[in-house]
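Hi everyone, thanks for coming. Please have a look at the sequence and the structure on the screen, and then I'll walk you through a few spots.

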Amino acid sequence: MPAHPHELVARMQPHQASIFGEMSALATEVGAVNLGQGFPDTDGPEELKRIAIACIENGEGNQYPPAHGMPVLRQAIADHQRDWYGLHPDPDHGVCVATGASEALVASVLAFVEPGDEVIVLEPYFDLYVAAISLAGATRVTVPLLAPEPGSGEPFRLDRAALTDAITDRTRMVIVNTPHNPTGAVLDSVDLSHIARVAIDNDLLVLSDEAYEHQFFEPARHVPIAGLPGMWERTITVGSGGKSFSFTGWKVGWASGPAELIGPVRVIRQHLSYVSSGPFQPAIAAGLRLPRSYFTDLAASMRERRDLMSTGLARLGFEVIPSQGTYFITTDVRSVGYSSGRQFCRELPRGAGAGVVAIPIAALADDRDRFDPFVRWTFGKSESVLEEALRRLTAAVG
């Protein structure tokens with residue numbers, strides 16, 4: 001119990017502040033370019049906006065939509081999983097529409113994880129995962145992604161031996177995120193097959209956060225772990241309309257998988273927001289039916305901005321770890337004379353001529369010393385914003 005009846009419960013006290021909110025507030029305070037929080041600064045397809053506006057005007061979704069999502073969106077999600085990945089969730093029983101991918105993730109943890117269970121998360125992690133585990137009264141166990149050797153040109157990779165060693169008789173779930181926030185790594189077939197083998201051998205559930213599924217850069221490829229042999233029946237897959245269509249404020253996400261897993265997720269989710277995003281659901285459904293060229297063009301656009309930012313950072317002396325997906329780049333700040341990414345990120349926004357905000361990756365890890373040299377930058381902004389950020393960085397470290 002809290003020491004005082006008006007205190008936040010003890011299990012959530014470590015989660016009171018978010019590094020993303022903290023750094024975004026700092027960017028606003030000092031007038032810095034915000035390359036910390038991962039949201040685009042331009043809207044998605046105009047045709048989806050027109051659909052949402054028409055729904056509002058016609059009264060479609062202005063009142064409570066169906067609790068588990070409008071049929072038009074549930075069907076579009078099921079068709080998307082089938083057409084892209086050969087997966088076959090039942091639109092009536094195997095899909096749950098949520099208030100963003102965030103709610104789908106939290107509901108999935110709360111649906112299956114009991115107090116005292118252990119949940120494995122890849123480290124560094126999206127901070128929502130560890131908050132959800134604490135909400136469930138469970139224990140998080142971190143397994144690191146291994147940083148590459150400087151100059152190798154390799155991405156972060158799963159420590160497969162550490163994953164095997166992390167399993168105990170209390171392990172209930174593994175949370176997988178690929179393409180991976182914050183490192184930009186895309187887990188390859190070797191890493192995914194190892195996770196699948198561990199899950200099957202130990203009868204574990206897998207919660208797969210695939211919010212950035214359409215933002216990967218060849219030769220990397222996104223492969224849903226649910227499609228691997230023996231994984232469909234034990235995997236909940238989470239997707240994001242906000243990330244795929246650049247409408248993060250609409251907060252439309254979903255979970256899909258076998259009905260036996262999605263049913264419990266629906267029970268929890270309906271007691272969180274109940275329903276949301278009514279007029280936006282038909283718009284996101286239309287987005288999922290856009291031609292494949294939309295998704296390849298999105299990835300190509302992100303790749304161009306990735307290359308702009310990567311080249312600029314490398315020119316300034318940063319060791320840039322290749323980004324295979326998402327809209328994030330990781331750099332090692334030891335290459336520009338800093339030993340700590342936390343120190344670097346605190347000083348940079350106020351530095352002479354700088355005014356740029358980034359995220360210290362150590363804030364997204366339990367083993368902070370391991371990840372202290374690394375900083376995450378978002379390139380999901382317009383080219384003019386990225387160029388201004390690089391100009392300011394040139395004044396600071398160039």
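Let me start with a question: which residue lies over the face of Trp84? It is Arg292, at 3.9 Å from the ring centre. Before I go on, please keep in mind that this is a predicted model.

Let's stay with Trp84 for a moment. Its ring also pairs with that of Phe295: the centres are 5.2 Å apart and the planes stand at 80°, which is over the 60 degrees cut-off, so we call this pair edge-to-face. Where do the two partners sit? Trp84 belongs to helix 3, residues 71-85, while Phe295 belongs to helix 11, residues 292-315. The pair therefore ties together parts that are 211 residues apart in sequence. As for accessibility, Trp84 is partly exposed, at a relative accessible area of 25%, whereas Phe295 is buried, at 3%. And these two rings have company: together with Phe245 and Tyr294, Trp84 and Phe295 make up one aromatic cluster.

Aromatic pairs turn up elsewhere too, and a search of the whole structure gives 18 of them. Another one is Phe126 with Tyr129, again edge-to-face, with 5.7 Å from centre to centre and 85° between the planes. Here Phe126 is partly exposed, with a relative accessible area of 21%, and Tyr129 is buried, at 5%. There is a further arginine over a ring as well: Arg376 lies over the face of Phe328, 3.7 Å from the ring centre.

Now, on to the strands. How many of the 5 residues of strand 2 are buried? The count is 4, so to speak of this strand, residues 95-99, as mostly covered is fair under the 20% cut-off for buried. Strand 2 pairs with strand 9, residues 252-256, in the antiparallel sense, over 5 bridges. If you want one bridge to find on the screen, take Val95, whose partner in strand 9 is Ser256.

My last stop is helix 9, residues 259-269. Its buried residues include Leu261, Ile262, Val265, Arg266 and Arg269. Why do we say they are on the same side of helix 9? Because they cover an arc of only 135° around the axis. And what covers them? Among the elements that do so are helix 3, helix 4 and strands 7 and 8. Strand 2 and strand 9, the antiparallel pair from a minute ago, also help to cover the buried residues of helix 9.

That's my tour, and I'm happy to take questions.

Conventions: Residues are numbered from 1 along each chain as its sequence is written. This is a predicted model: local features need pLDDT of at least 70, side-chain atom pairs count only at pLDDT 80 or more; totals for chains, interfaces and linings use all residues. Side-chain values use heavy atoms; hydrogens and water are left out. Rings of Phe, Tyr and Trp (its six-membered ring) pair if their centres lie within 6.5 Å; planes under 30 degrees apart count as stacked, over 60 as edge-to-face and the rest as tilted. Helices (H or I, at least four residues) and strands (E, at least two) are DSSP runs, numbered from the N terminus. Buried means under 20% relative accessible area, exposed over 50%, partly exposed in between (1.4 Å probe, protein chains only). A charge sits over a ring if NZ of Lys or CZ of Arg is within 6 Å of the ring centre and within 35 degrees of the ring normal. Two strands pair if DSSP finds at least two bridges between them. The arc is that of the directions from the helix axis to the C-beta atoms. Contact means heavy atoms within 4.5 Å.
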